[in-house]
Amino acid sequence: MTETQTKTSGPEFRAAAGAIDGLREDLFRQVLAYRPLPPLNPDGRFVRRLPEGLRRFVVWTPHALVLFAAFLVMMAGFAEWRFRVLMGLVPAIAVAMTLVRPVAAFWASMLATVFCGVVGGELWGPSAFGAQVVVLVVVAARTRPRTAAWMWLLTLLFGMLLEGGDPSITAPVVTLSAFALLVVAVVQIRRDAEREVTVQRTVTAVERDRRTLLEERTTIARELHDVVAHHMSVVAIQAEAAPYRVENPPPELEQAFVTIRENAVAALTELRRVLGVVRAEDYEAPDAPQPTLAALDGLLDNVRETGLETEKVITGAVRELPQGVELSAYRIVQEALSNSLRHAPGSSARVELSYVLGGLGLRVVNGPARGLVKPSPGAGHGITGMRERVAMLNGEMTAGTTAEGGYEVAVFLPVPLSEQPEQSEPREAAAKADRAGNADTVVIDRDGRA
């Protein structure tokens with residue numbers, strides 16, 4: 001029947017046509033398909049717990065079970081009075097064929113049943129009976145449930161046909177095989193469900209990490225907007241006021257400053273437009289400017305009020321850094337202290353800032369949890385945000401547990417000399433540094449006093 005006739009037929013006819021196509025596909029077109037039985041997964045739930053030497057043999061357990069079943073079928077054939085070798089060997093060959101050609105093994109089992117019935121005078125003798133059940137179970141375990149259902153139905157029709165329509169002789173075979181196939185189908189469905197759940201969990205975890213990464217990048221973009229917008233506004237204002245600081249400036253200079261101002265204003269417009277895309281509907285712009293390292297003492301005071309003992313250590317000459325670097329450093333310290341509060345309640349934390357020639361070093365370390373408060377679980381989103389900020393500035397970061405059972409976050413944010421802001425009073429700063437002598441290290445205790 002053509003495809004057009006199939007589409008115009010009723011649902012019952014289409015279901016029957018689909019079933020017939022499935023029968024041909026499973027039992028006729030793929031009769032001689034070579035499908036060797038694979039060994040067990042060495043990383044499986046139970047196999048991986050075994051010693052390495054024993055694991056190499058345990059993975060072949062399915063093959064050993066099938067061959068042992070073939071041996072039992074052969075021994076059952078030897079119990080026959082006549083033609084004992086053939087009555088045991090022929091059905092055993094059908095069972096062994098399930099290791100390499102499962103569909104062909106089913107048809108070989110049917111032929112072995114006819115052979116045993118003709119030679120032994122009994123249709124379902126012990127060897128034929130055992131071979132048919134074993135073949136159905138093994139093939140059902142190796143194929144899909146639809147194929148097993150077709151094999152069971154053909155076994156029933158085959159037995160009734162040879163016995164002249166009397167199902168009583170074939171009933172024990174089909175009853176036992178039906179129960180065995182039901183167990184195999186339940187196991188397969190459960191295994192497929194577990195595999196699907198594992199895949200879904202993996203996909204969900206990947207999507208969650210991706211969503212978290214995008215959220216962190218969006219947060220960083222919102223925060224850096226204020227910094228970039230401030231610099232661009234300063235550029236626009238200075239470009240507009242620069243011609244008035246020079247008496248009788250040449251027209252080329254005036255036009256250059258006009259171009260600079262127009263480009264700065266255009267950049268601000270595009271920046272606001274991009275920020276509108278990444279901004280959430282419920283986002284509220286902060287009233288205060290973005291924090292810098294100058295506001296770190298206030299952060300530590302708030303943390304101390306929650307019960308976390310903190311200590312700040314500053315090494316090197318304190319200087320002003322680019323606003324993006326200071327904002328990222330502040331957020332990293334803030335997130336590290338938040339993780340200490342969540343995962344190590346009752347512990348103490350130490351914040352180290354190292355001003356070096358090539359940038360800024362950060363180190364936040366906390367001890368193990370103490371007291372009766374249990375640590376709260378986390379998803380690692382804070383670490384993801386830290387790494388994004390460090391990667392944005394081409395820095396380096398390490399995070400992990402300490403030997404004492406605490407946790408340490410170490411970060412280095414590079415700041416080239418060309419990007420460091422100019423000090424407003426370099427001479428005064430140098431004089432203060434000279435008067436300070438070798439006092440390059442400032443320690444802030446838990447009470448916030450130097």
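Trainee: Let me start from one residue. In which helix is Val187 found?

Mentor: Val187 sits in helix 9, which spans residues 171–241. Keep in mind as we go that this is a predicted model.

Trainee: How do I read its accessibility: is Val187 buried, partly exposed or exposed?

Mentor: Look at the relative accessible area: under 20% is buried, over 50% is exposed, and what lies in between is partly exposed. Val187 has 49%, so it counts as partly exposed.

Trainee: And Phe179, which is also found in helix 9: is it buried or exposed?

Mentor: Phe179 is exposed, because its relative accessible area is 56% and the cut-off for that class is over 50%.

Trainee: Which distances link helix 9 to residues far along the chain?

Mentor: Compare separation in sequence with separation in space. Val187 and Ala141 are 46 residues apart in sequence, with their C-alpha atoms 8.8 Å apart. For Phe179 and Val137, the separation is 42 residues along the chain and 9.9 Å between C-alpha atoms. Helix 7 covers residues 126–142.

Trainee: Now the largest pocket. What is its volume, and which residues lie nearest its centre?

Mentor: The volume is about 1,400 Å³. Its lining has 34 residues, and those nearest the centre are Leu40, Pro62, Ala141, Val187 and Arg191. So our starting residue, partly exposed at 49%, is one of that central group.

Trainee: Which helix gives the most to that lining?

Mentor: Helix 9 does, with ten residues. Helix 4 (61–78) and helix 7, like helix 9, each supply at least two.

Trainee: How many nonpolar, polar and charged residues does the lining have?

Mentor: Sorting a lining by residue class shows its make-up. Here there are 18 nonpolar, six polar and ten charged residues.

Trainee: Let's move to another helix. Where is Ser328, and is it buried or exposed?

Mentor: Ser328 belongs to helix 12, residues 323–343. Its relative accessibility is 1%, so it counts as buried. To see what surrounds a buried residue, list its contacts beyond the close sequence neighbours. Leaving out residues up to four places away, Ser328 touches Arg389, Met392 and Leu393. Helix 13 runs over 381–392.

Trainee: What about the loop after helix 13: what is the phi of Asn394?

Mentor: Backbone angles are worth checking in loops. Asn394 lies in the loop between helix 13 and strand 4. Its phi is near 60 degrees, a positive value in a residue other than glycine. Asn394 is exposed, because its relative accessibility is 65%.

Trainee: And on the other side of strand 4, which backbone atom does the side chain of Thr402 reach?

Mentor: Thr402 is in the loop between strand 4 (396–401) and strand 5 (407–414). Its side chain reaches the backbone nitrogen of Gly406 at 2.9 Å. Thr402 counts as buried because its relative accessible area is 18%. Setting aside residues up to four places away in sequence, Thr402 touches Val365, Tyr407 and Glu408.

Trainee: Finally, the whole protein. How many helices and strands are there, and what share of residues is buried?

Mentor: There are 14 helices and six strands, and 34% of the 450 residues are buried. For the fold, look at contact range: among contacts between residues at least 6 apart in sequence, 70% join residues at least 24 apart. The accessible surface is about 27,300 Å², with 60% of it belonging to carbon and sulfur atoms.

Definitions and conventions
Residues are numbered from 1 along each chain as its sequence is written. This is a predicted model: local features need pLDDT of at least 70, side-chain atom pairs count only at pLDDT 80 or more; totals for chains, interfaces and linings use all residues. Side-chain values use heavy atoms; hydrogens and water are left out. Helices (H or I, at least four residues) and strands (E, at least two) are DSSP runs, numbered from the N terminus. Buried means under 20% relative accessible area, exposed over 50%, partly exposed in between (1.4 Å probe, protein chains only). Contact means heavy atoms within 4.5 Å. Accessible areas come from the Shrake-Rupley method with a 1.4 Å probe; for residues, only the protein chains shown count as cover. A polar contact is a pair of N or O atoms within 3.5 Å; within protein, one must be able to donate a hydrogen and the other to accept it, and residues adjacent in sequence count only if both atoms are side-chain atoms. On a 1 Å grid over the protein atoms alone, a cavity is a set of points where a 1.4 Å probe fits but cannot get out, and a pocket is an open set with protein on both sides within 12 Å along at least five of seven lines; lining residues have an atom within 4 Å of a point. Grid points are joined across faces, edges and corners, and a volume is the space filled by probe spheres set on the points. Ala, Val, Leu, Ile, Met, Phe, Trp, Tyr, Cys and Pro count as nonpolar, Asp, Glu, Lys and Arg as charged, and the others, Gly among them, as polar.
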